[in-house]
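Here is a short report on one protein chain. Look over the sequence and the model first, then read on.

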Amino acid sequence: MDRHFLEEQKQFFIETLLELQRDLDLKWTGEQGFQGDEIDAFEAEKERVKILRFKKRSSAFLRKIKRALKKIESHCYGECEECGAEIAMERLRARPTAELCIDCKEEQEKIENQTYKQSAKVYELFSANSDKVNPDQVTKAFISNSGKIEIVQ
Ligand SMILES: [Zn+2]
């Protein structure tokens, strides 16, 4: 991997990390000890939910950035976690925290899509047979190789 490119990515990660941490700190100070009338309380609750959502998203992103930085340190940044191939530089530019090469990513998306379609199919069948099967009691359902739906109740 190109050393100059790596340095650029590292710089980007560090800057983003600092920025995110600063934002998180700033956002958090608004949270404490709210007092006011009902409308303000409602607004405050909305704000609190927004902050929580922001914090959740940010911490996930923070984790990814920290992982990427560790990889740069241990000289395996840009290696696909699935097949070990080098992830294309354009992909890393567009998505600096990418952990899979484009082939493996597409494969993963295909599988996720299939799983989603399967769940939709299972749900559809349940709805059609709700007199026989209670969807709430089903802990696991899957489509067997022969295309039959197997249900674990
Ligand atoms: Zn790969």
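## Contacts and confidence

Two residues are in contact if their C-beta atoms, placed from the backbone, lie within 7 Å. Take the contacts in the protein chain with a separation of 6 or more: residues 24 or more positions apart account for 44% of them.

This is a predicted model: local features need pLDDT of at least 70, side-chain atom pairs count only at pLDDT 80 or more, and totals for chains, interfaces and linings use all residues. Residues are numbered from 1 along each chain as its sequence is written. The predictor's confidence in each residue is its pLDDT, from 0 to 100. The chain has a mean pLDDT of 83, and 79% of its residues reach 70 or more.

## Elements

The protein chain has 4 helices and 2 strands. These are DSSP runs, numbered from the N terminus: helices are H or I, at least four residues, and strands are E, at least two. Along the sequence the pattern is α-α-α-α-β-β. Among the elements, helix α3 (residues 89-94) has the highest mean pLDDT, 95, and strand β1 (residues 140-143) the lowest, 66.

## Burial and helix α4

A residue is buried with 20 or more other C-beta atoms within 10 Å of its own, exposed with 12 or fewer, and partly exposed in between. Of the 153 residues, 5% count as buried.

Helix α4 (residues 102-128) is hardly covered: 0 of its 27 residues are buried. Its end C-alpha atoms are 39 Å apart, which agrees with the 39 Å expected at 1.5 Å a residue. That expected span is 1.5 Å times one less than the number of residues.

## Histidine 75

Histidine 75 sits in the loop between α2 (38-73) and α3. It counts as exposed because it has 10 C-beta neighbours inside 10 Å. Its phi is positive, near 60 degrees. Most residues other than glycine have a negative phi.
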